[in-house]
Amino acid sequence: QTISIAKAGITTVLNSRTSVLAAANPPSGRYDDLKTAQDNIDLQTTILSRFDLIFIVKDIRMYSQDKLIASHIIKIHASADAVSGDRKISKEENWLKRYIQYCRAECHPRLSESASAKLQDQYVQIRKDMRRQANETGEAAVIPITVRQLEAIVRLSEALAKMKMSHVATEIEVNEAVRLFTVSTMDAARSGINQQINLTAEMAQAEAQIKRRLGIGN
């Protein structure tokens, strides 16, 4: 199977096993914490279920964080000319690339029996938590937890083992894969308002007036 991609005037067809890294802005241009994840992401669940990991990245206004980012950007631009003008290519610079190529070619890890049992229990527990959340809110999760997500955690576990040049993915790799999945896709699925508020006509009108006067995040 293939994946068709059209972006910035470039149209191409990739094999379905190609890794795709995609980024997008919310419909309003800024993530709105007063809206549910469904409204902020605004993508069909059939598309979201095909991503292994989904991260929500917010631009939080913090003085210390903004200062670090500004300092980092300024250093990059200040040292750009010096690095490009005096740069010697050495064999050691490509060690990471060669290491990745070696792991891909030589390591083909599979889950151990204990890791498989651990992963099965984790998947059942995640599905149970999502069902409970759906019952409490009255709405299905914006990111459905299906067998595809289970396969994603399996791929993550095997990739972690491959990084160690191990031929067996143990419970350690499964725990780390579940942690990555929890802090990304699961947090994205739980984000937004979890309780439904029944607004009267007067409350809805007041909310509309406030939104016209205050920007997102205020």
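## Close-up views of a predicted model

**View A. Val57 and its patch on the surface.** Val57 has a relative accessible area of 74%, so this residue counts as exposed. The cut-off for that label is over 50%. Please keep in mind that everything shown here belongs to a predicted model. To find Val57, look in the loop that runs between helix H2 (45-48) and helix H3 (63-85). Together with Phe55 and Val183, Val57 makes a nonpolar surface patch of about 320 Å².

**View B. The whole chain, for orientation.** Before going further in, it helps to see the overall plan. How many helices and strands does the chain have? There are 8 helices and 4 strands, and reading along the sequence gives the order β-β-α-α-α-α-β-α-α-β-α-α. Of the chain's 218 residues, 21% count as buried. The chain exposes about 16500 Å², and 55% of that area is supplied by carbon and sulfur atoms. Now take the contacts between residues at least 6 apart in sequence: 69% of them join residues at least 24 apart.

**View C. The largest nonpolar core.** In soluble globular proteins, nonpolar side chains tend to be buried together. In this model the largest nonpolar core has 22 residues. Which of them touch the most other members? They are Ile126, Met130, Ile143, Ile145, Ile153, Phe181 and Met186. Four elements give two or more residues to this core: helix H1 (37-41), helix H5 (113-137), helix H6 (147-163) and helix H7 (171-190). The largest share, 7 residues, comes from H7.

**View D. Ile145 and its contacts.** This view centres on one member of the core, Ile145. Setting aside neighbours within four places in sequence, which residues is Ile145 in contact with? The list is Tyr123, Ile126, Arg127, Met130, Phe181 and Met186. Ile126, Met130, Phe181 and Met186 also belong to the group of core residues that touch the most other members.

**View E. Helix H6, from end to end.** H6 has 17 residues, and the distance from its first C-alpha to its last is 24 Å. That is close to the 24 Å expected at 1.5 Å a residue. The buried residues of H6 are Gln149, Ala152, Ile153, Leu156, Ser157, Glu158, Leu160 and Ala161. Met165 follows the helix and sits in the loop between H6 and strand S4 (168-169). What is the phi of Met165? Phi is positive here, about 55°, although Met165 is not a glycine. With a relative accessible area of 39%, Met165 counts as partly exposed.

**View F. Leu160 and Glu173.** Leu160 lies in helix H6. Along the sequence, Leu160 and Glu173 are 13 residues apart, while in space their C-alpha atoms are 6.0 Å apart. Not counting residues up to four places away in sequence, Leu160 touches Glu173, Glu176 and Ala177. Is Glu173 buried or exposed? Glu173 is buried, because its relative accessible area is 5% and the label needs under 20%. The side chain of Glu173 also meets that of Lys164 in a salt bridge, at 2.7 Å from N to O.

**View G. Salt bridges along the helices.** Side chains of opposite charge can pair when their charged atoms come close. The structure holds 5 salt bridges, and this view shows two of them. In one, the side chains of Arg179 and Glu176 meet at 2.8 Å, N to O. Both residues are in helix H7, and because they are 3 residues apart, about one helical turn separates them. Arg179, at 42% relative accessible area, is partly exposed, and Glu176, at 29%, is partly exposed as well. In the other, the side chains of Arg132 and Asp129 meet at 3.3 Å, N to O. Arg132 and Asp129 lie in helix H5, again 3 residues apart, or about one turn of the helix. Arg132 is partly exposed, at 43% relative accessibility.

**View H. Asn40, a buried residue of helix H1.** Asn40 lies in helix H1. Asn40 has 3% relative accessibility, so this residue counts as buried. Which residues is Asn40 in contact with, leaving aside neighbours within four places in sequence? They are Pro26, Pro27, Arg30, Tyr31, Asp32 and Lys35.

Definitions and conventions
Residues are numbered from 1 along each chain as its sequence is written. This is a predicted model: local features need pLDDT of at least 70, side-chain atom pairs count only at pLDDT 80 or more; totals for chains, interfaces and linings use all residues. Side-chain values use heavy atoms; hydrogens and water are left out. A nonpolar core is a set of buried Ala, Val, Leu, Ile, Met, Phe, Trp, Tyr and Cys residues joined through side-chain atoms within 4.5 Å. Buried means under 20% relative accessible area, exposed over 50%, partly exposed in between (1.4 Å probe, protein chains only). Contact means heavy atoms within 4.5 Å. The expected span of a helix is 1.5 Å times one less than its number of residues. Accessible areas come from the Shrake-Rupley method with a 1.4 Å probe; for residues, only the protein chains shown count as cover. Patches are made of residues with over 30% relative accessible area and no salt bridge: like charges are joined within 9 Å, nonpolar side chains (Val, Leu, Ile, Met, Phe, Trp, Tyr) within 5 Å. A salt bridge is a side-chain nitrogen of Lys or Arg within 4 Å of a carboxyl oxygen of Asp or Glu.
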